[in-house]
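The following exercises are to be worked with the sequence and the coordinates at hand. Each task is followed by a solution in steps.

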Amino acid sequence: MTKDEVFINDCVKLAQRGKGHTSPNPMVGCIIEKNYKILGKGYHKRYGDAHAEVNAIKDAKRNRHDLKGAVLYVNLEPCCHFGKTPPCTDLIIEEKISEVIIGMTDPNELVNGNGINKLKEAGIKVRFGILEDKCKELNKFYVKCITEKLPYVTLKIAQSIDGTIALSNYDSRWISGKESRIFVHKLRSEYDSVLIGTNTAKYDDPELTVREVKGRNPMRFVIDKDFKLYKNNLKLFSDPDKAHTYVFTSKKKQAKKTHEGFSAIYLKEKKNRINLKKILRSIYKLNVSSVLVEGGGNLFSQFAEANLFDDLYLIVSPKIIGKGISSFNDFKINSLKKAKELYLLKKITSDNDLILHYKNIKNS
């Protein structure tokens, strides 16, 4: 690795400390260096708080360092507009930092090159595109939201080795092992929201909260076209976290009524379904950057059919269950050329389970 790559890589590691807390803002880390000596470090800790550059400069000043002539490393282009906080570019210029090294440009149209130009106009040397792919992967939720106006979608599937996610009577507890369930709770803590279908809510009665690790609870979305689930006294509508539950329904009158602590969102149905893209647009409008889809087979099938997911975590448990409900039970094609193609990103061994992380090759 070059010097620039080493420092940008360290910025990425620093930025990850904000995982699960910065959304809808990106994760950003910043390091200020002079003659190979680190003067200050900082990262964006949570939405609404000071940006990484501000925290790094404050850190340097606490240690009484003079920043004139220093080099600032940051994984994302510094902002140049007023939002929740003032522009970072102004502070960088004010501190007479001589050079700024950037991992990736900010796709936000309010920034997108403007931050770089403002620094250059002030006589600061700027280089960007360092470990760009790694920086984009770090902020994949943010990048998709900004560029497509849709949340990032991940399917999470736990299944037996023969592809079954539940028995025919919908019994699915527990197919995966304890360590895999801890992994899923950590995953939940990093996503803004979780989405499930009607049958998963009805038969599993999941909490969809973070309990096995420390972290925030995601918002909970459930598709209930006929608006009947809440009558079953499910945890989603009765537990202490019910204010974070949202129901998508095609029943307009029921959606307009005041409910016991949870919210309903009305969307028209077509061919006995609520359009998934409309659901995702509604979620995006709630300032939600990421969605973890946790079931069931019918919903996974709809996402595959509409090609609306970005990646997939497949947790495979070495159990043979036989006939039951498969992961993509309702996804039907008449030619192998139409099969969904995925790209393997990572393999993780979790006790006796295997966790496979795939990327959706959308243009296949």
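Two strands pair if DSSP finds at least two bridges between them; helices (H or I, at least four residues) and strands (E, at least two) are DSSP runs, numbered from the N terminus. The model is predicted, so local features need pLDDT of at least 70 and side-chain atom pairs count only at pLDDT 80 or more, while totals for chains, interfaces and linings use all residues. Residues are numbered from 1 along each chain as its sequence is written, and side-chain values use heavy atoms, with hydrogens and water left out.

**Exercise 1.** Determine how strand E1 pairs with E2 and with E3.

Solution.
1. E1 and E2 (residues 37–43) run antiparallel and share six bridges; one of the partnerships joins Lys-34 to Lys-37 in E2.
2. Two residues separate these strands in their hairpin, where Asn-35 adopts a positive phi near 55 degrees.
3. With E3, E1 forms four bridges, again in the antiparallel sense; here Ile-32 has Leu-72 of E3 as its bridge partner.
4. Buried means under 20% relative accessible area, exposed over 50%, and partly exposed in between (1.4 Å probe, protein chains only). Since five of the six residues of E1 (residues 29–34) are buried, the strand is largely enclosed by the rest of the structure.

**Exercise 2.** Locate Pro-86 and Pro-87 and describe their surroundings.

Solution.
1. Pro-86 belongs to the loop between strand E3 (71–76) and helix H3 (88–94), and Pro-87 also has its place between E3 and H3.
2. Leaving aside neighbours within four places in sequence, Pro-86 is in contact (heavy atoms within 4.5 Å) with Cys-79 and His-81.
3. Pro-87 counts as buried because its relative accessibility is 6%.
4. The C-alpha atoms of Pro-87 and Gly-115 are separated by 8.9 Å, although 28 residues lie along the chain from one to the other.

**Exercise 3.** Characterise the salt bridge between Arg-127 and Glu-99.

Solution.
1. A salt bridge requires a side-chain nitrogen of Lys or Arg within 4 Å of a carboxyl oxygen of Asp or Glu; this rule yields 22 salt bridges.
2. For Arg-127 and Glu-99 the N to O distance is 2.8 Å. The pair links distant parts of the chain, with Arg-127 in strand E5 (residues 125–128) and Glu-99 in strand E4 (residues 99–104), 28 residues apart.
3. Arg-127 is partly exposed because its relative accessible area is 36%, whereas Glu-99, at 16%, is buried.
4. Asp-4 joins Glu-99 and Arg-127 in a network of salt bridges.
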